[in-house]
Amino acid sequence: MTLESNKSLVHQFAECINAKDLDGALSLLSPNFVEHAPAMGMPSGVEAARAWFTLLFVGFPDHHATTLDTIAEGDKVVVRMQSEGTHNGAFMGIPPTGRRA
């Protein structure tokens, strides 16, 4: 894959997440995907991403992420994003507050 195709893949993932298309987003992940910092009790691999985004979408149904910067070199892509939403559902055991985060 080229540098530009790697960047495009990362941007497609973000677009799927913003559209709440979890299956579409997860289809872009490698079967060997590794979540390096899963929350305690979360599964590993692609299922860790599924569990995380499911929690996020329940807790913050209007969640939206904006890409601020994309940096790519070799086979690595780093994205700096701003993520926001309204806490209208339970999130990691915290009852909804109705506040923006």
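**Figure 1. A strand pair, seen from Ala65.** Ala65 stands opposite Ser83 in β2. This view, like the others here, comes from a predicted model. Strands β1 and β2 run antiparallel, and 9 bridges join them. Follow the hairpin to its turn and you will meet 2 residues between the strands. Gly74 in this hairpin has a positive phi near 60°. As a general guide for looking at such a view, side chains in a regular strand alternate between the two faces of the sheet.

**Figure 2. The whole chain, for orientation.** Before going further into the details, it helps to step back. How many helices and strands does the chain have? There are 3 helices and 2 strands, and from the N terminus on they follow the order α-α-α-β-β. Taken along the principal axes, the C-alpha atoms fill a box of roughly 45 × 30 × 20 Å. Of the 101 residues in the chain, 26% are buried. The accessible surface comes to about 6600 Å², and carbon and sulfur atoms account for 58% of that surface. Among contacts with a separation of 6 or more, 43% are between residues 24 or more positions apart.

**Figure 3. The largest pocket and its lining.** Rolling a probe the size of a water molecule over the atoms shows where empty space is left. In this model, the largest pocket holds about 1100 Å³ of space. Its lining is made of 30 residues, and those closest to the centre are Val10, Phe13, Leu29, Phe33 and Val77. Which elements give two or more residues to the lining? They are α1 (3-18), α3 (46-59), β1 (64-73) and β2 (76-84). Helix α1 provides the largest share, with 7 residues. Sorted by class, the lining of the largest pocket has 19 nonpolar residues, 8 polar ones and 3 charged ones.

**Figure 4. Lys7 and its surroundings.** Here the view moves to helix α1, where Lys7 lies. Is Lys7 buried or exposed? The answer falls in between: its relative accessible area is 22%, so Lys7 counts as partly exposed. Setting aside neighbours within four places in sequence, Lys7 is in contact with Thr70, Ala72 and Val77. Val77 may look familiar from the previous view, as one of the residues closest to the centre of the largest pocket. For a sense of distance, Lys7 and Ala101 are 94 residues apart in sequence, and their C-alpha atoms are 27 Å apart in space.

**Figure 5. Thr86, in the segment after β2.** Beyond the second strand, this close-up settles on Thr86, which is found in the segment after β2. The relative accessibility of Thr86 is 11%, which is why Thr86 counts as buried. What is Thr86 in contact with, leaving aside its neighbours within four places in sequence? One group to look for is Gly59, Phe60, Pro61 and Asp62, and the list also includes Gly98, Arg99 and Arg100.

**Figure 6. His87, in the segment after β2.** His87 also sits in the segment after β2. With a relative accessible area of 7%, which is under 20%, His87 is buried. Neighbours within four places in sequence aside, the contacts of His87 include Gly59 and Phe60, two residues that Thr86 contacts as well. Ile94, Pro95, Pro96, Thr97, Gly98 and Arg99 are also in contact with His87.

How values were computed: Residues are numbered from 1 along each chain as its sequence is written. This is a predicted model: local features need pLDDT of at least 70, side-chain atom pairs count only at pLDDT 80 or more; totals for chains, interfaces and linings use all residues. Side-chain values use heavy atoms; hydrogens and water are left out. On a 1 Å grid over the protein atoms alone, a cavity is a set of points where a 1.4 Å probe fits but cannot get out, and a pocket is an open set with protein on both sides within 12 Å along at least five of seven lines; lining residues have an atom within 4 Å of a point. Grid points are joined across faces, edges and corners, and a volume is the space filled by probe spheres set on the points. Helices (H or I, at least four residues) and strands (E, at least two) are DSSP runs, numbered from the N terminus. Ala, Val, Leu, Ile, Met, Phe, Trp, Tyr, Cys and Pro count as nonpolar, Asp, Glu, Lys and Arg as charged, and the others, Gly among them, as polar. Buried means under 20% relative accessible area, exposed over 50%, partly exposed in between (1.4 Å probe, protein chains only). Contact means heavy atoms within 4.5 Å. Accessible areas come from the Shrake-Rupley method with a 1.4 Å probe; for residues, only the protein chains shown count as cover. Two strands pair if DSSP finds at least two bridges between them.
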